[in-house]
Amino acid sequence: LVPFTAVGRDPLIVGVDVGASKVSAATVDARGVVENETVRRRQSGDGPEEVLATIVEAVRSTLTSQEAAGIGAIGLGIAGQVEAETGVIRYSPNLRWENIPLGDRIRTAFRAPVVVANDVHAAAVGEWRYGAGMGERDLFVLIVGTGVGGAAVVDGHLLTGATNTFGEVGHVTLVAGGRPCHCPNRGCLEAYVGGWALAERARELVARELEAAEPLVRRAGSIDQITGQTVTQAYREGDPLARRLVHETIDYLEAGVVGIVNTFNPHRLLIGGGMLQGLPDVIPGIQEAIRRRCQPAAANVEVRRGRLGDQAAIVGAARLARERLSSGDTRGAGSP
Ligand SMILES: [Zn+2]
């Protein structure tokens, strides 16, 4: 395979986002423009082989057969811990994967170089190179969805950490001995503001205040069916209990962001993820919390929403694949 610098035309780069509930694949050009996106829902009971087959099928559906024979490189972002050298998924709680050789399997299926990255790292690269973080040398990207994750660009470099799991700010302790988390710790930021945690807190509050909670329970169908989305929808319609839950969530989120800004000293902070779509506009409040509560020298941060939305991880994974290809290093299956 010839590095594209020697070919002189744009190589075909495919970006893939492997998430908890769906797989998305698309071609991404050198300007970060996404084309022919294919989205496949996955079933929650799918094992690794079914998910791998879904990924291969989604990539094939995105390409013509002629294109499939000439892929320049494939970049995958996945919700899990990725071994940098090999592209093995060490652990993914969302997919219930352990030690799955994703990079090798996709490379074998398409006979093309493959880069695998954590999905939050990939999303951060997407926003940094093509989105709301373009041109920044010191950027923090915070994703608030079902879980909470982060990624940092410091002095113009994406940080990866000793074992490629840099940025798990969702698991910084906010309340010592606090709510149990999905990780081994208690009191994590995610255990208060993640989508799953909002749902859990809502069910507990409802059980304590059955009368006030009646509209919320009616909306969900039963206490067990209350989700983060039920709460944020009820919030928008003025439900008092939902208001309490959402305001508490924003308080915890602001407390978490103050710690992140003090620790990483970014010039710009981007916030994205599915939870934000349900919450009121949190950006001005977060900007104000930073101004009032951060170390003064660190407090001059621009807070913005991510610009690429759902496509950030696809765009970023494709960018990492493109960089790998242009470096001439086409052997590896791992992360950047
Ligand atoms: Zn945790």
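**Exercise 1. State the strand order of the open sheet of 5 strands, and name its edge strands.**

Solution. The order in this open sheet of 5 strands is S3-S2-S1-S4-S8, and the pairing is mixed. The edges are strand S3 (34-41) and strand S8 (114-118), each of which pairs on one side only. From one strand to the next, the twist averages 15 degrees. The model is a predicted one.

**Exercise 2. Find the sense in which strands S1 and S4 pair, and the bridge partner of Ile13.**

Solution. Step 1: strands in a sheet pair through backbone hydrogen bonds, in either a parallel or an antiparallel sense. Step 2: strand S1 (residues 12-18) and strand S4 (residues 71-78) pair in the parallel sense, over 7 bridges. Step 3: Ile13 has Ala73 in S4 as its bridge partner.

**Exercise 3. Determine which strands helices H4 and H5 lie across.**

Solution. Helix H4 (residues 102-110) lies across S4 and S8, and its direction is at about 150 degrees to S4. Helix H5 (residues 119-130) lies across S1, S4 and S8, at about 100 degrees to S8.

**Exercise 4. Classify the ring pair Phe140 and Phe264, and explain what the pair ties together.**

Solution. Step 1: a search of the whole structure gives 3 aromatic pairs. Step 2: the ring centres of Phe140 and Phe264 are 4.9 Å apart and the planes are at 40 degrees, so the pair is tilted; planes under 30 degrees apart would count as stacked, and over 60 as edge-to-face. Step 3: Phe140 is in strand S9 (residues 139-144) and Phe264 is in helix H10 (residues 240-264), so the pair ties together parts 124 residues apart in sequence. Step 4: Phe140 is buried, at 0% relative accessible area, while Phe264 is partly exposed, at 22%. The cut-off for buried is under 20%.

**Exercise 5. Do the same for Tyr192 and Tyr252.**

Solution. Step 1: the two rings form a tilted aromatic pair, with 4.4 Å from centre to centre and 40 degrees between the planes. Step 2: Tyr192 belongs to helix H6 (residues 190-193) and Tyr252 to helix H10, 60 residues apart, and the pair thereby links distant parts of the chain. Step 3: Tyr192 has a relative accessible area of 5% and is buried, whereas Tyr252, at 25%, counts as partly exposed.

**Exercise 6. Name the members of the aromatic cluster, and the residue that lies over the face of Trp128.**

Solution. Phe140, Phe166 and Phe264 make up one aromatic cluster. Arg129 lies over the face of Trp128, 3.8 Å from the ring centre.

Key
Residues numbered from 1 in each chain as written. Predicted model: local features only at pLDDT ≥ 70, side-chain atom pairs only at ≥ 80, totals over all residues. Heavy atoms only, no water. Phe/Tyr/Trp six-rings, centres within 6.5 Å; stacked < 30°, edge-to-face > 60°. Helix = DSSP H or I, 4+ residues; strand = E, 2+ residues; numbered from the N terminus. Buried < 20%, exposed > 50% of the residue type's maximum accessible area, 1.4 Å probe, protein only. Lys NZ or Arg CZ within 6 Å of the ring centre and 35° of its normal. Pairing = 2+ DSSP bridges. Axes fitted to C-alpha atoms, helices over the stretch in contact; angles between N-to-C directions. Contact = heavy atoms within 4.5 Å.
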